[in-house]
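Student: Please take one part of this fold and go through it closely. I would like the hairpin and the core packing treated together.

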Amino acid sequence: MDYKKLVEAAINARKMSYTPYSNFKVGAALLTKSGKTFTGCNIESAAYTPTNCAERTALFKAVSEGEREFLAIAVVGAPAEGESNFCYPCGVCRQMLKEFVSDDFILVIAKSAEEYKVHKFGEILPYSFGPEDLMI
């Protein structure tokens, strides 16, 4: 898997962020098992609660196109004028990813295309609650 290429797609998606309130821009690139990449950016609202994160934007785009199996996601985020730092998915994004991915799903958390960390999903959401917990 080419992590650098996935991070570059997330960096490009970050440019599309709509963040007039926080000025914190996030981009995500989600790789499907079929080889397609879906990107997303965060989109804020003055009411705050309708705000959508980059990770969920990418996930919702992919799911709305019929994709249900995923290999990896790259996430890049920082203040618009600031230096990128390692930006991890929020709790809501982690829970939405849990709906579709296994503990082996790869998260690439990046400062740049050259500097990133790779984690398995199970590492960042231990003891999670998912669809399998609803099986009777």
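**The first hairpin and the core**

Tutor: L30 stands opposite F38, a residue of β2. This is a predicted model, in which local features need pLDDT of at least 70 and side-chain atom pairs pLDDT 80 or more, while totals for chains, interfaces and linings use all residues. Residues are numbered from 1 along each chain as its sequence is written, and side-chain values use heavy atoms, with hydrogens and water left out.

β1 and β2 (strands are DSSP E runs of at least two residues, helices H or I runs of at least four, numbered from the N terminus) pair in the antiparallel sense. Five bridges join β1 to β2, where pairing takes at least two DSSP bridges. Four residues lie between the strands of this hairpin, and G35 there has a positive phi near 95°.

L30 also belongs to the largest nonpolar core, a group of 21 residues (buried Ala, Val, Leu, Ile, Met, Phe, Trp, Tyr and Cys joined through side-chain atoms within 4.5 Å; buried is under 20% relative accessible area, 1.4 Å probe, protein chains only). With L30, the residues that have the most contacts inside this core are F70, I73, F105, L107 and F121. At least two core residues come from each of β1 (24-32), α2 (54-64), β3 (70-79), β4 (106-110) and α4 (121-124). α2 gives the largest share, five residues.

Leaving out residues up to four places away in sequence, I73 touches L6, A28, A29, L30, E55, F105, I106, L107 and V108 (contact means heavy atoms within 4.5 Å). Another core, of 13 residues, lies apart from the largest one; A29, V76, A110 and A113 are among its members.

Methods: Buried < 20%, exposed > 50% of the residue type's maximum accessible area, 1.4 Å probe, protein only.
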